[in-house]
Amino acid sequence: MSQIVAVEQVPTRNHQVSGRELQRREHDERLESLLVELHRSAAGPEHDRVLTAVVTETLPLADSLALRYAGRGIETDDLVQVARAALVAAVRRYRPGAGRGFAAYAVPSVRGELKRHFRDAGWAVRPPRALQELRSELVAAEEALRHRLGRESTAGEMAEAIGRSEVDVRDARATGSAFTPDSLDAPLPGGGRVGDLLTGSADWADDLALSATLREEVRRCTPREQVIIRMRFVEERTQREIGESIGVSQMQVSRLLTQLLDRLRLRLEALPAA
């Protein structure tokens, strides 16, 4: 009995697949017929009616292409508008019977317009054209390497894959922040905003006094604390690297830095009242 059921299920699946294929073919034939009618019609109300019908039939194609580029630094609504405008232009240029169908003709045109829009309008800070083009090449190669390696590629692996130097790869990757720069209103881990880091005292005398006081307070720290300060804020080492250098765990380094900075902050805040 189970064998009979299994045999009966196969034609059902095949019928579903052929049904979808039939729907697609009917849609393509209907669209091609409309495009032929549009091409033959003269300017006027009838031409506008057919053009509207063609655009309505093909808008889902433009929208699906636009959504593939969403989340890369440009508003989705803008991408949809660019894709739809490119689609209408492709409809007007298309000549029925001259190629493999409208979709094969329109897709490269719409993609090209989307890429040009990214190139021309997608940069908050515009890097050199060579870096823009290299970044586009990098994005495609990174996706292929990610699937092949099962992880993110290193700069060396990417450089070998595209035949460029590691420096070129790092420069191109760094341009990613030019699409969506960090907000000045973004919160800092210790409180405040990123924009606060850009502000300074309007009084240079206060700045000099603060700098001199900070140096004096650092001199009062123990030799070990001075080493930690130098490695963290001058040499810019990680907490793990500092711990390995002075023989303590990363957690201990974090605790030492917190205590040290809190003590320095309290001393500096007490300075004006002194």
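## A look around an all-helix model

The side chains of Glu225 and Arg263 pair up in a salt bridge, with N and O 2.8 Å apart. The term stands for a side-chain nitrogen of Lys or Arg within 4 Å of a carboxyl oxygen of Asp or Glu. This pair ties together distant parts of the chain: Glu225 sits in helix H9 and Arg263 in helix H11 (residues 250–270), 38 residues apart. Glu225 counts as buried at 18% relative accessibility, while Arg263 is partly exposed at 29%. Here, buried means under 20% relative accessible area, exposed means over 50%, and partly exposed is what falls in between (1.4 Å probe, protein chains only).

Some ground rules before going on. This is a predicted model, where local features need pLDDT of at least 70 and side-chain atom pairs count only at pLDDT 80 or more, while totals for chains, interfaces and linings use all residues. Residues are numbered from 1 along each chain as its sequence is written, and side-chain values use heavy atoms, with hydrogens and water left out.

### The overall picture

The protein has eleven helices and zero strands, so helices and strands need a word: they are DSSP runs (H or I, at least four residues, for helices; E, at least two, for strands), numbered from the N terminus. Read along the sequence, the pattern is α-α-α-α-α-α-α-α-α-α-α. Of its 274 residues, 25% count as buried. Take the contacts (heavy atoms within 4.5 Å) between residues at least 6 apart in sequence: 52% of them join residues at least 24 apart.

### More salt bridges

In general, side chains of opposite charge can pair when their charged atoms come close. The count of salt bridges here comes to twelve. Three of them are set out below.

| Pair | N to O distance | Acidic residue, relative accessible area | Arginine, relative accessible area |
|---|---|---|---|
| Glu225 and Arg263 | 2.8 Å | Glu225, 18% | Arg263, 29% |
| Asp63 and Arg84 | 2.9 Å | Asp63, 19% | Arg84, 30% |
| Glu217 and Arg220 | 3.5 Å | Glu217, 8% | Arg220, 56% |

What about Asp63 and Arg84, the pair with its closest N and O atoms 2.9 Å apart? That pair also links distant parts of the chain, with Asp63 in helix H2 (residues 45–67) and Arg84 in helix H3 (residues 76–93), 21 residues apart. Asp63 is buried and Arg84 is partly exposed. As for the Glu217 and Arg220 bridge, Glu217 is buried, whereas Arg220 counts as exposed.

### Inside H2 and H3

Thr58 is another residue of helix H2. With 2% relative accessibility, Thr58 counts as buried. Its side chain reaches the backbone oxygen of Val54 at 2.9 Å. Leaving aside residues up to four places away in sequence, Thr58 touches Leu31, Leu87, Val91 and Phe102.

Leu87 and Val91 turn up again in H3, among that helix's buried residues. The others on the list are Leu79, Val80, Val82, Ala83, Ala86 and Ala90. H3 has 18 residues, which should span 26 Å at 1.5 Å a residue, and its end C-alpha atoms are indeed 26 Å apart. The expected span is 1.5 Å times one less than the number of residues.

### From H9 to H11

Back to H9 (residues 223–234), where the tour began. This helix has twelve residues and reaches 15 Å from first C-alpha to last, close to the 16 Å expected. Its buried residues are Glu225, Ile228, Ile229 and Met231.

Just after H9 comes Glu236, with a positive phi of about 55°. Why remark on that? Most residues other than glycine have a negative phi. Glu236 lies in the loop between H9 and H10 and is exposed, with a relative accessible area of 65%.

Next along is helix H10 (residues 239–246), whose axis comes within 8 Å of that of H11 and crosses it at roughly 100°. The two helices are therefore roughly perpendicular to each other, a label for angles of 65 to 115 degrees. Axes here are lines fitted to C-alpha atoms, for helices over the stretch in contact, and angles run from 0 to 180 degrees between N-to-C directions. On the H10 side, the contact is made by Gln239, Arg240, Ile242 and Gly243, and on the H11 side by Gln250, Val253, Ser254 and Leu257.

How values were computed. A polar contact is a pair of N or O atoms within 3.5 Å; within protein, one must be able to donate a hydrogen and the other to accept it, and residues adjacent in sequence count only if both atoms are side-chain atoms. Angles under 35 degrees count as roughly parallel, over 145 as roughly antiparallel, 65 to 115 as roughly perpendicular and the rest as oblique.
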